[in-house]
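I opened this entry to record what I looked up in the structure. The notes follow the order of the look-ups.

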Amino acid sequence: MDAEEIVRLTPEAVRELIDTQRVVTVPKQGQGQRREERWPFPGTVEVWLPEECYGERHILATLHNLSANGLAMRSRRPVPKDTRISVAIHQPTMSCYGYAIVRHCTRAHVGYLIGVEFSFQANDDADCARP
């Protein structure tokens, strides 16, 4: 993939990604429990952790679902709640990079299910991990 094909993570870029995979679904949550519907979205997420995280700082996770405001991914290692991370989402149609905040990390049958909220305003924030 050429560097020109990797774009900054913005609300418009996320909506473009969702539109490439949008299928008719039945929401799992009741009305008003989520701001945005989540779409099943297989793929890879690269994660860069901040220096204060113990162990390996660059990990690969499996994208589970995607919404306009965040994503869920599966990882073999836990990432603490409220950790600010850098992410890159890789899809055949587009790759996006940006920042997110971990909102939950739940032990799963294999590894951990991690939910993150995108931080579109954090692109120049020095507290975020840098790829």
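I first fixed the terms: helices (H or I, at least four residues) and strands (E, at least two) are DSSP runs, numbered from the N terminus, and two strands pair if DSSP finds at least two bridges between them. The model is predicted, so I noted its limits: local features need pLDDT of at least 70, side-chain atom pairs count only at pLDDT 80 or more, and totals for chains, interfaces and linings use all residues. Residues are numbered from 1 along each chain as its sequence is written, and side-chain values use heavy atoms, with hydrogens and water left out.

**Entry 1: strands S3 and S4**

I looked up how S3 and S4 are joined. A hairpin connects S3 to S4 through three residues, and the two strands pair in the antiparallel sense over four bridges. I noted that Leu-66 has Leu-71 in S4 as its bridge partner. Five of the six residues of S4 are buried, where buried means under 20% relative accessible area, exposed over 50%, and partly exposed in between (1.4 Å probe, protein chains only).

**Entry 2: Ala-61**

I found Ala-61 in strand S3, residues 58-66. Ala-61 has a relative accessible area of 5% and is therefore buried. Its C-alpha atom is separated by 4.8 Å from that of Ser-75, although the two residues are 14 residues apart along the chain. I then listed its contacts (heavy atoms within 4.5 Å). Leaving aside neighbours within four places in sequence, Ala-61 is in contact with Gly-43, Thr-44, Val-45, Met-73, Arg-74 and Ser-75.

**Entry 3: strand S7 and its partners**

Which strands does S7 pair with? I recorded S4, joined to S7 by six bridges in an antiparallel run, and S6, joined to S7 by seven bridges, also antiparallel. On the S4 side, Arg-74 has Leu-113 as its bridge partner, and Ala-72 has Gly-115. On the S6 side, the partner of Ala-100 is Phe-118. S6 and S7 form a hairpin with four residues between them, and Gly-111 in the turn has a positive phi of about 80 degrees. Five of the seven residues of S7 are buried, so S7 is largely enclosed by the rest of the structure.

**Entry 4: the nonpolar core**

A nonpolar core is a set of buried Ala, Val, Leu, Ile, Met, Phe, Trp, Tyr and Cys residues joined through side-chain atoms within 4.5 Å. The largest one has 29 residues, of which Leu-66, Leu-71, Met-73, Ile-85 and Phe-118 touch the most other members. Helix H1 (11-21) and strand S5 (84-90) are among the elements that give two or more residues to this core. I checked Met-73: not counting residues up to four places away in sequence, its contacts include Val-45, Ala-61, Ile-85 and Val-116.

**Entry 5: the aromatic pair**

I found one aromatic pair in the structure. The rings of Phe-118 and Phe-120 have centres 5.7 Å apart and planes at 50 degrees, so the pair is tilted. The rule covers rings of Phe, Tyr and Trp (its six-membered ring) with centres within 6.5 Å; planes under 30 degrees apart count as stacked, over 60 as edge-to-face and the rest as tilted. Both Phe-118 and Phe-120 are buried.

**Entry 6: cysteines**

How many disulfides are there, taking a disulfide as a pair of cysteine sulfur atoms within 2.5 Å? The count comes to zero. Cys-53 is buried at a relative accessible area of 10%, and Cys-96 is buried at 1%.

Notes. A disulfide is a pair of cysteine sulfur atoms within 2.5 Å.
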